[in-house]
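Take a look at the chain below and turn it around a few times. Then we'll walk through some of its features together.

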Amino acid sequence: MKLPPIPGLVLIIVLWAVFYAAQGVYAAEQAQPDMRVLIDISGSMKKTDPENLRIPAVKLLLNLAKENSQFGVWSFGQFVNNLVPSASVTSDWKKQVVTRVDGINSAGLFTNIGLALEKASKGQTTPDPQYDRTMVLLSDGMVDISKDPAINATEKQRILEEVVPALKKAGFKIHSVALSEEADQAFLKQIALATGGSY
């Protein structure tokens with residue numbers, strides 16, 4: 001029996017819980033939050049998120065972001081777009097960038113999770129004691145960069161063996177949220193747990 005797509009209210013609650021779980025870590029370490037939200041905009045999202053609840057979900061995270069913390073949003077399909085460049089959070093900044101999130105759609109080809117993780121890392125390779133770095137990966141898909149399954153399998157291994165360890169070394173925790181039963185849940189869970197994040 002197939003489960004229905006994740007209801008909007010459940011999605012909001014899950015992201016709320018992820019946010020506050022991360023905030024507890026920040027408080028304990030006396031470091032400022034640095035949250036980077038990665039949003040899947042592949043075409044399959046038309047089925048798993050037909051009401052585009054990703055928009056209010058991301059706006060919730062944006063509104064919850066603490067003053068002087070860092071926050072940014074990336075959307076990804078075949079390519080990666082930095083919808084909201086990572087910046088220091090202020091109330092004025094929130095007002096200026098909140099409408100950019102309205103650009104989240106389901107028009108992307110493929111699901112290039114590896115490139116999204118790399119772009120959102122901004123080339124950072126070592127931890128910064130001033131910031132606790134978190135990525136929230138919101139996806140309904142598997143690693144999908146080609147019509148050739150062998151290429152996709154190679155990319156999946158690259159993510160697990162190269163990208164994720166590099167992110168962990170740079171101090172990133174990845175919290176992954178699967179939006180569909182069709183997602184590669186074992187893969188998304190593995191990414192999160194390997195960095196000390198939640199799934």
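Lys122 is found in the loop between H5 and S4. Helices here are DSSP runs of H or I with at least four residues, strands are runs of E with at least two, and both are numbered from the N terminus. This is a predicted model, where local features need pLDDT of at least 70, side-chain atom pairs count only at pLDDT 80 or more, and totals for chains, interfaces and linings use all residues. Residues are numbered from 1 along each chain as its sequence is written, and side-chain values use heavy atoms, with hydrogens and water left out.

What is the phi of Lys122? Its value is near 55°, which is positive, and Lys122 isn't a glycine. Most residues other than glycine have a negative phi. Asn52 is another non-glycine with a positive phi, about 50°. You'll find Asn52 in the loop between helix H2 (45-48) and helix H3 (54-64).

How covered up are these residues? Buried means under 20% relative accessible area, exposed means over 50%, and partly exposed is in between (1.4 Å probe, protein chains only). Here are three residues to compare:

| Residue | Relative accessibility | Class |
|---|---|---|
| Asn52 | 18% | buried |
| Ala153 | 41% | partly exposed |
| Lys122 | 42% | partly exposed |

Now step back to helix H5 (residues 113-121), just before Lys122. Its buried residues are Ile113, Gly114, Ala116, Leu117, Ala120 and Ser121. Looking down the axis of H5, they fall within an arc of 165°, so they line one face of the helix. That arc is taken from the directions from the helix axis to the C-beta atoms.

Next up is helix H6 (residues 149-169). With 21 residues at 1.5 Å each, H6 should span 30 Å, and its end C-alpha atoms are 29 Å apart, which agrees. The expected span is 1.5 Å times one less than the number of residues. H6 also has a kink of about 40°, centred on Ile159. The bend at a residue is the angle between axes fitted to the seven residues ending there and the seven starting there.

Ile159 is also one of the buried residues of H6, along with Asn152, Glu155, Leu160, Val163, Val164 and Leu167. What do the buried residues of H6 pack against? Their partners are H5, strand S4 (131-139), strand S5 (172-178) and helix H7 (185-194). A contact means heavy atoms within 4.5 Å. Ala153, from the table, lies in H6 too. Its C-alpha atom is 7.8 Å from that of Val143, and the two residues are 10 apart along the chain.

On to the rings: the structure holds one aromatic pair. Phe71 and Trp93 form it edge-to-face, at 6.5 Å centre to centre with 70° between the planes. The pair links distant parts of the chain, with Phe71 in strand S2 (residues 70-76) and Trp93 in helix H4 (residues 91-97), 22 residues apart. Rings of Phe, Tyr and Trp (its six-membered ring) pair if their centres lie within 6.5 Å; planes under 30 degrees apart are stacked, over 60 edge-to-face and the rest tilted. Both Phe71 and Trp93 are buried.

Finally, the whole chain. How many helices and strands does the chain have? There are seven helices and five strands, and along the sequence they follow the pattern α-β-α-α-β-β-α-α-β-α-β-α. Of the 199 residues, 48% count as buried. Among contacts with a separation of 6 or more, 74% come from residues 24 or more positions apart.
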